[in-house]
Structure formats: structure tokens, C-alpha cells
Amino acid sequence: MNVLVFLVPVSLFLGAGGLAAFVWTVRHAQYEDLEGDAARILLSEEED
Amino acid sequence: MTIAACPACAVAPAALDIAGPEHAAGDEVFLSLPNIHCAACIGGVERALRAVPQVRAARVNLRLRRATVVVEPNTDQAVLIDALAQAGHEAHELDGAALTGRVDPVGRDLLVRLAVAGFAMMNVMVLSVAVWSGATDATRDLFHWISAAIALPAVFYAAQPFFQNAWRALRVRRLNMDVPISLAIILASVMSLFEASVGGQHAYFDAALSLSFFLLTGRYLDHRTRSAARSAAQELAALEVPRATRIVEGVRSSVAVADLRAGDHIIVAPGGRIPVDGTLLQGDGLVDRSMLTGESLPVAVTSGDGIAAGEVVVDHPLVIQATAVGADTTLRRMAALVEVAETSRNRYTALADRAAAVYAPLVHGLALAAFIGWYIATGDARHALNVAVATLIITCPCALGLAVPAVTTAASGRLFRMGLLIKSPTALERLAQVDTVVFDKTGTLTQGRARLSGIQALTSDQAGIARALAHGSNHPVARAIADALHDVEPALLTNVHEVTGEGVFGLWHGRTVFLGRGADATELRIDGQPSIPLPMQEILRTGAADAIHALDGLQLHVMSGDTVAATRRLAQQAGISMVEGDLRPADKLSRINTLSDQGRHVLMVGDGLNDTAALAAAHVSLSPASALDASRAASDIVLLGNSFAPLPHALRISRKARARIRENFAIAVLYNCVAIPVALAGFATPLAAALAMSTSSITVILNSMRVR
């Protein structure tokens, strides 16, 4: 059972990483226009 | 947890992201793009906008069908709209002041809380599975402590909205759904912490978290539905850019309506809505008062006459001296009256609140009874508290919390795709009760220009004369005649001139000819011949006849400010037999109140200012997008397209939605019937609580999807 000493922190760390990534996407307005962003990948001449 | 920092603080930087930091200095302009729908449109619009020299940045939002453009200061928006028109895209200016911005801080806040609750729930659940499957002693204690370390801060942050709502209700000595929820979450956390510290067997950290998670899901769905409706309603308001042309010593300048003062001279072009109350100084002409009075035909005005805000100029530009502006205009004062009169809607108690009123005291009573009963029976306070908390948790408030928002989200989404905007959160529930529909006539049942009847009887000479005379005027009746006779060769006339309020005169082979107001209809008079009446026939709105046919079984009325004869004619065409005309706004209001007093649930459909009071008083109200801002504000539902076709569907879906909400409550009650005895008997384990909570929530969500 000693493997838990590693596995529990590792799983928590990975989960926290996912959460942090999600919060980052929310803050960067990535859910404001889901339809538009889905369509934008079809544009070839994005100027940014 | 650093992640738990205030998400609302990120709002301002995000607004800059869209424009790009280097562009932040310019003016922001919003354009409505009603017809864009694909990637090619986005590309086309943005390319066209960036090609305009004054544009610094442009970004299209497809969901809102809106473009945000950063331009050099003092750029005329017409330049942008022209550029888009050349590229083949319809665009309209939006009043930036009426939009509260693109980012939705409350929605983001809920989303982050939801994510935190979800993350913590999953991790604690994984640890709990180990405990449920038989971990003992040190391992179980360790897992309980790790769970506590994750759950306590997560619950403290994620469940804030419930705590705040519950506190607000308790402070005014009332109970709402958030009180039992908060109590369950707090008690479960505190008790589990105690159990962990004494090495106990049962900890409910996962239950506290999944309760928060499921309920936040409901809150977020609810919020998203409302904010979609709110932003669409804002868009309608923002389309009416409040701008007027002021004349100072002969120089015209465009100013915001808010900057007008009493005594200012303004000029309003044909087609424009008059923004102030005032006196006509110059320009005899016609004004369309249908929005205010329901009259379908324009009224002639001459200098010196009083003009009211909300009237639309028909033929010639009018110069008006303002006597009352802004909040002092009759239009605004009437709109303000409506806000005070909004009672019928406030009288309605939402299904969710009715359920909470029964549920909250019942659950608290049960939990208390369980505690007292077990304490008396065993003398063990710790065990008694355990049972009481299990009862609070297992009574499935999450299924109740999801019962309404899951259904309204599914139903409003479906109605929105049909072109109906549900503005009020309880509108769907009220719509389901409707048994009587009252229609306004002008602008609601009718739409656009009137059609001419009686032209078939004209000889070719007469038709030619009528067409030539009709070209001499901008009056809507004249335009309708010109339209109806568009394939007739116009006669050669001389000396064509219009006398406002009467009609158009001309000379034909030396004889005087006239087209205009007759005894009771429009007439064509040719010297030496009997006059020929040309009665106008108003056209029903698209889909109105079919929609009314589909409303079979409901009591239908037409109530109009127009003459009884005109109203009856149109009602007959629409197939409605209960007709009243010549009604003033107060009469409409009293008719609606009479119907309500008879126990009928009235759906009022109207567009004008004369309908506003009636719209507010009715059980539920609907107005077309073309209605006055004040009327739209007074209505629960806005019809976005031109056709009435979605109306019967809306009624059908609302009834279905109400049935689903009731089923959801029934499902929640059913789960409780099984779970409560188990909990009261002291057999409830954290595993049983987790299963009951998840299955009831998921059943409720799946049942709600069936609204489609």
C-alpha cells in the first residue's frame, strides 16, 4: 500500500492541473463564442 | 488554493484581449449582423471591416451575431455599414450604451465554482470508493483526512452562492430552497470533519461536494438561459440608436437624444420616430400614430399642432420644437406607469418556490425528529446527529434544484431556435396555463402595408389615372395603390399636387381628377363621373391565420384602438369572432382585468404603447420584435421573426415543459419515499447517499431532455 504515498499526490496534482487549465480558458474568454470559434478553424487567412 | 481567487477580476483584461492590447485606445463600436451564419461570413465581414482605413481591429462573435470594431475616434459608423453592404452583409448600428458588455461575470463565476466543485468531487469520490470497498484503520483515516483537506476549502468556495441566498432569505425570516441545501452542506462537512478526527466510519465529504456540484449545474443552466434572453433583449433595445438631428441657427447636427433640451428645434425625416413631445413648426404632413393609438391610417398635422414622442413621420420632413424631452415625454411617462402596474406577474409564485415552501419545513422537521428520536432511544448524541445529517443529505434536494432549470433550459433553447425569446424566468410556466388569447390589431395581427380592394372594377383609363395620382404622394394608401397597379401604364397628367389630409389632385385631358379621402374610404374622382370607392384591406401578419386556427379550443379576442368596422373586418379575416374596437389604453386594461377576474388566464399579444398597460396586466404577454421598446419591456416573450407561426408551438412546448417539471418533482418525491425511511432507520451510509443523489439527479436531467 506504500505506493499510495506517490499515487495520491500524483492524482491530485494532475487533477489540479486540469482545473487550473480550465480556469485559465474561462478567464481568456474561450467560452464566449463557441459557434464562432468552431467555424474559425476553417478560415485560412487568419491575420493574427 | 490559489485557484479560488476572484474570477470576476479577470473580466477587464479579457475585454482587452478581444481588441488586442495595442488597439485599446480607439473608440469601440458594435454592429449587429443578423444574417451571418458560417465561417465564410466571419472571414468576409472581418476582411471588409479591416479594409476600412479607420478600423484598427475587428472581431465577429457568431453566437451573438455581432461585430466589435475598434475605430479611430470620431469615425462615422455609416462608413462601416456601407463597407459591409458592399461586401454583401447586412449590418445595423448598435447603441453601445444599451449593451452591458460581452463578458458575463456572473456566468464565469458560476462556471469556475462548478469546475472547483467538480474537481474536488471526483478526487474525493475516488478516495471514498476505497473506503466504501473496505479500507480500515490507518488507511481509512488517512483517506478521510485527505478528503477533508480537499473538500473543506472547495465547499467553502464553491457553495458560496447557496450560503448567500440562504442568508438573504433567513434575514427576512423566510425559507427558500437554499436554506436546507446550505444546512445539509454545512452539517455534512462539519460532522464528517468530526468523524475523521475521531477515526469514525462514515464521512460525507463526497456528498457535500456532489450536492454542491449538481446544484451549481442547475444554477449555471438557469443563468445561461436567462443571460441569453437578456442579451437578445438588449440587442433589440440597442438597435434603436437614440439620435436626433438638431437645428441651431440653420445648421444641422446629429446629437444623442439624451442631449436634447426643451426648446430645441429638431428635424425628423420620413420614416423616423419622433423622440420628443413638441409643437410642429414647419412642414405639413402625416404622422403614423398606430403605436400610440392603434389607428391604422396616418393622421394629417399642420404647423402649430402638438406632436407626441413615439409617432412616426410618414411623408415630409417635420421641424419640431421640443416641449418635453427624455423622461418627461408622454411615451416615457406611460412606460413608467406600466412599471408600477406590473402586479399580475409578481403575484405568480414559481413552481420551484411552491415546492420549496413545502419541502424545506418538511425536511427540517424530519431531520430534527430523527435527531430527537434517536437521542431519546439510544442516548448517543453522536449517532443521533449522524442519522439527522444522513436524512438531510439523502432527501435529494439536488433533484429538486435541477427539476426546473433543466426543463426551462431545454424548452427555452428550443423556442429560441423557433424565434421566440423568453424574457421572464416564469413565463413558460404561466404560458402553460393560458386559456384566453387577446390580440391587438394594428401592428400585431396586421403587418406592413394595406392592400387595395376594388381595383379589378377599374377601367384601364381609370387605373392609369389612379396610378399616376398615387405616384404624387408618399401616403401609405397611395403607395399601396401604386403597388397594386404596378403593371398598369400610368396616364399622362398635368398639375399633380398633394393637399395634405385630403389627397392628390391633377388634370387629365382638361378634367380635374382626384385620389384621396372620400366619405368612408379612399376615392378616385374623375370630373363628370360618379366617384369610385377604393377600400383598403389590411393584410394579416404572415402565419397569423394558421396560428389562430391552431389555437383552436382557446377563447380568442381582438381588441383594438381602431374603428369597430375596421377591426371587425380584419377579425373576420383572421377567423376570430369576439371583437372590440374604439378602445382606449385604459379600456384594454380594464377588459383584461375583467377577464382575469373571471378566472381566465390571458395571453395578451400586442405591440403599441396603447397595449403596454394591458401587456403588463395580462397573465403572460407577447410582443413582436417590431414593437415599441416600452411594449417589449412590458412583455414576457418577444417574437423575433415576422411570422406568428411559432405561437401555437410555444403554447404546446410550455405545456409539455410544465408536465416535465411536475414529473421531475414526482421523481424526486419518489426517491425520497424510498430514501427517507432508510435514513430515519439509521441504515443510510455515505455510499447510499451518493447513489441516491447521483441517480435522482441524472434521472431528472434525462427526463427534462424529453421536452425536445
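**Close-up views of chains A and B**

**View 1. Residues 355-377 of chain B form a fully helical span.** The end C-alpha atoms of residues 355-377 of chain B lie 32 Å apart, and the span is 100% helix and 0% strand, where helices (H or I, at least four residues) and strands (E, at least two) are DSSP runs, numbered from the N terminus. This is a predicted model, in which local features need pLDDT of at least 70 and side-chain atom pairs count only at pLDDT 80 or more, while totals for chains, interfaces and linings use all residues. Residues are numbered from 1 along each chain as its sequence is written, and chains are lettered from A and ligands numbered from 1 in the order in which they are written.

**View 2. Helix 12 of chain B packs against helix 13 of chain B.** Helix 12 (residues 351-378) and helix 13 (residues 381-394) of chain B pack at an angle of about 160 degrees, with their axes 8 Å apart (axes are lines fitted to C-alpha atoms, for helices over the stretch in contact, and angles run from 0 to 180 degrees between N-to-C directions). Helix 12 of chain B is therefore roughly antiparallel to helix 13 of chain B, a term for angles over 145 degrees.

**View 3. Chain A touches chain B.** Here 22 residues of chain A are in contact with 26 residues of chain B, contact meaning that C-beta atoms, placed from the backbone, lie within 7 Å. Helix 1 (4-27) and helix 2 (34-40) of chain A each supply at least two residues of the side of chain A that touches chain B, and the largest share of that side, ten residues, comes from helix 1 of chain A.

Note on methods. Contact = placed C-beta atoms within 7 Å. Parallel < 35°, antiparallel > 145°, perpendicular 65-115°, else oblique.
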